[in-house]
Amino acid sequence: MTQKTGVAKWVEFFPGVLGLVMVLAKLQPLDGYLGHDYYHAFTRLYIGAVHFWHHGFAVPHYTPYLLGGIPFFADPQSYYYSLPQWLTFFVEPWHAVTLTYLIFYGIGYLGCLRLFQELGFSRRIAHLAAVAFLVNGFTYVNLFVGHLTHHGFLLLPWLIYGLLRTGDIDWRNRFRSACGMALGLCYLFFSGATHILIVFAATGVLLTPWLLLRKLERKELLRFLSLLAMVGGLVSLACAGKLAASVFYGRNFLARSVDTSGVVPWKLVLQYFWFRPDHTPTYLLFGKIWVYGAWEYVGFMPKAIFPLGLLALVPVIQSRDWRRWLVAVATLGLALLVISLAAGNEWNSVLPFFRSYHNPIKLFAAFIPLLPIPFAYGIQWACRLEPFKRLSPPASYLLFFLTGLVFVGEFCGNSDFFVKRGLGIGYPYRPEIWRQLKDDISPVRVASLTQDSESDELGLLRGTSSLNAYEPLFGYRLEAVRSQLVPGPTDRIRDGKFNLQHPGCLIYPDYFHCQAWDRVDETDRIAFENFVDGREAAWGVPFWQKSLLVLGWLTIAGMVLVSWRPWGKAKRLSTPPFKFAEAAT
């Protein structure tokens, strides 16, 4: 590679770097205020940081700081084992969150770049596809309002890359790929990104037509199935401990099914993908009581990718396998129709899955990593037309940069819909809380219970636990909470029990010989004192639970070692593992 080519290669990153800078700039606090759900996120980051500072690597099974005592690790939306939490051990939460977004947006961009280059597209087309993914509205608007777990969505290009890379004949390379995919899925699960796992599963289903287009031979199909089996087995072993605890804890959650009727499906699709700020309401009413903010039904992409994606139909029609492509397109269209109908009328009460999934609109995000694919096809086909062939290298690069700038500029306009209106903004960030907690020699004793919702985070300083803590798993109005607690001192004894919840009873009632929502018995004073003082030696977990956790940690450690290329550098296959780009020409 000549020096000139090397410089050009790095210059091609400019639109992506600009897009990353603008995304991070649009996520910054507005007059000291952040998205309202950062209140939920930062409270749990503080609790996790306090635990680590005083107890090291011990698993934080329970916490007294929320609802008078509830499980912490078993919460399926807990992100104690996530990058923003780990960074909060050392820096203030907002700095930790911003650094997390920087890292994960970079990972997502590079993953998309790698995916499209392996699909057979040129570097510049791959960069444009990566920019289109980088500035997607689903990730931005969720992070804007404080849905911290959604940063894991940016791992999807790498997971898709691993799912499609079925050509490795060497079982060792295939096993290493399985370990890499399993680690990504484990991170999503342990970081509380259960919604993203469902979205990725939907993306995997949508990829089925593409796999059919591959015309997989029997051996290649077996290799693909073996890859899936290895990933599934590894994830099951690694996540067994967390999954078991979450399942038992989940028996206490509120089963929600939002009535999304009354919304016109095709309008919902347009609002989601073809985002027009002037025609998008800031809030929508679903059913009679559910009000969704725009961040729940907006997942915009650069509009230019849609008409350019239609150009991909030209080589498809010209190809010999146009019927197979027609089946693929029809399948994807049918999936979009099913999701839009379920999100827009009564289907969510008919289909079993949608009946239990309270926000089917979120499933539209499954299309976001896939939409740049037809766009890349269309660009590749257009570049082979005579007018584009005649372009000089400088003119070609200028067109590339202008397209990238259009994508980034459109994102800035779309994001202003949220920034200028301050949609979802409402949490006053207080960095001094982190500094005070870090300076404390020991955790503050939880001396009393209060109904003040601000005690979610300030309670760590005041020594209070709020009975109105924001915990949506029990319902946005805490409908599923059956607490017997009352405001007042935690050491107040009523009916032979302290005014504090026994968190273990919400997960392992048989093990502790109690029932869910029971208070701590007066005879269990030592454990009570340990719990309110923030000491780890309060209540443990069953032996089988400990065993599953140890098995999970050992499995994760093994996958990390295997993924670190223990058999040397993997050789690139003589033929690309998948050639979708060639199939369309």
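## A tour of helix α5 and its surroundings

Begin by selecting helix α5 together with helix α6 in this predicted model: α5 passes α6 in a right-handed crossing. By class, the residues in the contact of these two helices are eleven nonpolar, three polar and one charged.

Next, display the side chains at this crossing. On the α5 side, select Tyr 105, Gly 108, Tyr 109, Cys 112, Leu 113, Phe 116 and Gln 117. They meet Arg 123, Ala 126, His 127, Ala 129, Ala 130, Val 131, Phe 133 and Leu 134 of α6.

Now view the pair as two axes. Two packed helices are described by the angle between their axes and the distance between the axes. For α5 and α6 (residues 123-134), the axes come within 8 Å and cross at roughly 140°. Because the angle counts as roughly antiparallel only when over 145 degrees, α5 is oblique to α6.

Keep α5 selected and add helix α2, which spans residues 14-25. The axes of α2 and α5 come within 11 Å and cross at roughly 150°. These two helices are therefore roughly antiparallel to each other. Their crossing is right-handed. To see the contact, select Gly 16, Leu 20, Val 23 and Leu 24 in α2, then Thr 98, Tyr 101, Leu 102, Tyr 105 and Tyr 109 in α5. Seven of the contact residues are nonpolar and two are polar, with no charged residues. Tyr 105 and Tyr 109 of α5 appear in this contact and also in the contact with α6.

The tour continues into the interior. The largest nonpolar core holds 173 residues, and the members that touch the most others are Phe 42, Phe 116, Tyr 140 and Phe 418. Helix α5 (residues 93-118) supplies the largest share of this core, eleven residues. One of the four, Phe 116, was already selected at the contact of α5 with α6.

Centre the view on Phe 418. Leaving aside residues up to four places away in sequence, Phe 418 touches Val 141, Phe 144, Phe 275, Ala 294, Trp 295, Val 298, Phe 300 and Leu 423.

For the last stop, select Leu 363, in the loop between α17 (352-356) and α18 (372-383). Is Leu 363 buried or exposed? Its relative accessibility is 5%, so Leu 363 counts as buried, the limit being under 20%. Finally, add Thr 203: the C-alpha atoms of Leu 363 and Thr 203 are separated by 8.9 Å, although the two residues are 160 residues apart along the chain.

Key
Residues numbered from 1 in each chain as written. Predicted model: local features only at pLDDT ≥ 70, side-chain atom pairs only at ≥ 80, totals over all residues. Heavy atoms only, no water. Core = buried A, V, L, I, M, F, W, Y, C linked by side-chain atoms within 4.5 Å. Buried < 20%, exposed > 50% of the residue type's maximum accessible area, 1.4 Å probe, protein only. Contact = heavy atoms within 4.5 Å. Axes fitted to C-alpha atoms, helices over the stretch in contact; angles between N-to-C directions. Parallel < 35°, antiparallel > 145°, perpendicular 65-115°, else oblique. Left-handed = near helix turned anticlockwise from the far one by under 90°. Nonpolar A, V, L, I, M, F, W, Y, C, P; charged D, E, K, R; others polar.
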